[in-house]
Amino acid sequence: MKSAPAVPSLAFARNVQLRHLRCFVAIAQERHLARAAERLALSQPAVSKTLAELETLAGTRLVERSSAGRRGVQGLTPTGEQLLGHALRVLEAVDASAQAIAPAAGDRLERLRIGALPSVAPALLPLALARLRSHWPALQVTVKSAANAVLLDALRAGELDLVAGRMSDPQLMKGLSFELLYAEPLVFVARNGHPLARRAASVQAVLAYPLVLFAEGTIPRHSTESFFSARGLAVPPNALETLDLMVARALVAQSDAVWITPLGAVHDDLQAGTLARLRIQTSGTEEPVGLLLRSEAEPSAACNAMVGLLRESARQGQKPKRTGRLSASRTPL
């Protein structure tokens with residue numbers, strides 16, 4: 001009598017190997033088969049074969065291919081998203097085991113990978129990073145600055161340990177936790193001596209000058225568009241769009257351009273008097289800023305230390321005044 005074929009879940013548990021999980025995580029993080037192959041020092045056919053084996057074991061597709069070609073990866077299927085979290089925990093446990101049996105402490109390299117919004121990083125991170133370095137001098141720290149959606153994708157994929165950012169839509173928040181630090185409004189800023197800096201200004205008056213805005217798809221840009229729309233206005237199509245704070249800051253300092261930005265991005269400039277905040281009422285544009293972690297991941301000691309330091313930076317007024325707890329129904333776009 002023939003035995004019944006193993007169901008996919010049993011076949012998966014019996015036959016999945018670390019090489020399958022490492023390959024899958026690399027694909028999820030790189031979003032491209034060729035780049036995943038390069039990272040793993042394998043050929044692309046070998047990566048494709050390993051992925052096919054894993055999908056056979058899972059009994060379903062795990063990766064959505066890009067319409068641009070089979071090398072590209074558009075995203076993960078719902079099953080792939082679930083597997084990614086488990087795969088990351090397995091690989092992290094293996095790496096932790098390898099560190100635990102290292103012959104000497106000097107062989108262990110501790111690292112912390114931080115993501116931060118461009119508008120959040122300048123005022124929130126420097127003091128916390130300096131304090132972290134004094135307590136963890138051998139720690140390898142990397143900071144990635146990008147748009148919120150990019151940072152949350154990287155956090156969920158295990159490429160980052162911690163993000164200082166904002167909440168997003170439910171799909172991007174799946175598997176992540178959010179701790180509110182404060183809420184900050186949009187502000188209109190210009191160079192000292194700008195014609196609008198000498199008196200109370202109207203939004204209509206601002207439109208007579210070149211504008212500098214955050215890029216489309218970001219929460220500050222969405223808030224800017226909502227602010228204009230509520231006043232029966234539209235964002236000028238010729239406004240300069242950038243996520244590069246250095247470019248925006250230098251342009252505004254050297255011209256009559258007006259920058260519409262979250263307060264955190266220019267907090268230090270306003271404190272130092274190098275830029276001026278225009279007297280335009282922007283109440284209602286406040287957006288929450290907080291710390292995001294993977295819900296089911298166990299933070300390292302260094303990550304927990306950085307979380308505490310970032311909380312302290314927020315409490316000490318490195319950013320606008322801390323607000324109360326965020327309502328569960330509040331979900332910025």
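Phenylalanine 227 and phenylalanine 228 are both buried, a term that denotes under 20% relative accessible area, with exposed set at over 50% and partly exposed in between (1.4 Å probe, protein chains only). The model is predicted, so local features need pLDDT of at least 70 and side-chain atom pairs count only at pLDDT 80 or more, while totals for chains, interfaces and linings use all residues. Residues are numbered from 1 along each chain as its sequence is written, and side-chain values use heavy atoms, with hydrogens and water left out.

The two phenylalanines belong to a small account of ring contacts. Rings of Phe, Tyr and Trp (its six-membered ring) pair if their centres lie within 6.5 Å; planes under 30 degrees apart count as stacked, over 60 as edge-to-face and the rest as tilted. A search of the whole structure yields two aromatic pairs. In one of them, phenylalanine 188 and phenylalanine 227 adopt a tilted arrangement, with 5.6 Å from centre to centre and 55° between the planes. This pair links distant parts of the chain, since phenylalanine 188 lies in strand S7 (residues 186-191) and phenylalanine 227 in helix H10 (residues 219-229), 39 residues apart. Helices (H or I, at least four residues) and strands (E, at least two) are DSSP runs, numbered from the N terminus. Phenylalanine 188 is buried, as is phenylalanine 227. Phenylalanine 227 also forms an edge-to-face pair with phenylalanine 228, at 6.1 Å centre to centre and 80° between the planes. Ring pairs thus join Phe188, Phe227 and Phe228 into a cluster. In addition, arginine 231 lies over the face of phenylalanine 227, at 3.7 Å from the ring centre; a charge sits over a ring if NZ of Lys or CZ of Arg is within 6 Å of the ring centre and within 35 degrees of the ring normal.

Strand S7 leads from this cluster into a sheet. Five strands form an open sheet in the order S9-S8-S10-S7-S11, with mixed pairing. Its edge strands are S9 (240-241) and S11 (275-277), each of which pairs on one side only. Two strands pair if DSSP finds at least two bridges between them. S7 and strand S10 (residues 258-262) pair in the antiparallel sense over four bridges, and leucine 186 stands opposite proline 262 in S10.

Another open sheet has five strands in the order S4-S3-S5-S12-S6, and its pairing is also mixed. Strand S4 (140-145) and strand S6 (176-184) stand at the edges with a single partner strand each, so one side of each is left without a neighbour in the sheet. On average, neighbouring strands of this sheet are turned by 20° against each other, direction ignored; the axes are lines fitted to C-alpha atoms, for helices over the stretch in contact, and angles run from 0 to 180 degrees between N-to-C directions. S6 and strand S12 (residues 287-294) run antiparallel and are joined by eight bridges. Tyrosine 182 stands opposite valine 289 in S12.

Several of these strands also contribute to the largest nonpolar core. A nonpolar core is a set of buried Ala, Val, Leu, Ile, Met, Phe, Trp, Tyr and Cys residues joined through side-chain atoms within 4.5 Å. The largest has 37 residues, and those with the most contacts inside it are Leu124, Leu125, Leu162, Met306 and Leu310. Among the elements that each supply at least two residues are strand S3 (111-116), helix H6 (121-135), strand S5 (162-165), S6, S12 and helix H13 (301-315). H13 gives the most to this core, with seven residues.

Burial can also be followed at individual positions. Cysteine 23 counts as buried because its relative accessibility is 3%, and cysteine 303 counts as buried at 2%. With a disulfide taken as a pair of cysteine sulfur atoms within 2.5 Å, the count comes to zero disulfides. Alanine 248, in helix H11 (residues 245-253), is buried at 1% relative accessibility. Its C-alpha lies 10.0 Å from that of leucine 211, and the two residues are 37 apart in sequence.

Two loop residues concern the backbone. Most residues other than glycine have a negative phi. Arginine 31, although not a glycine, has a positive phi of about 55°; it lies in the loop between helix H2 (18-30) and helix H3 (33-40) and counts as partly exposed at 27% relative accessibility. Alanine 41, likewise not a glycine, has a positive phi of about 60°. Alanine 41 is located in the loop between H3 and helix H4 (44-58) and is exposed, with a relative accessible area of 68%.
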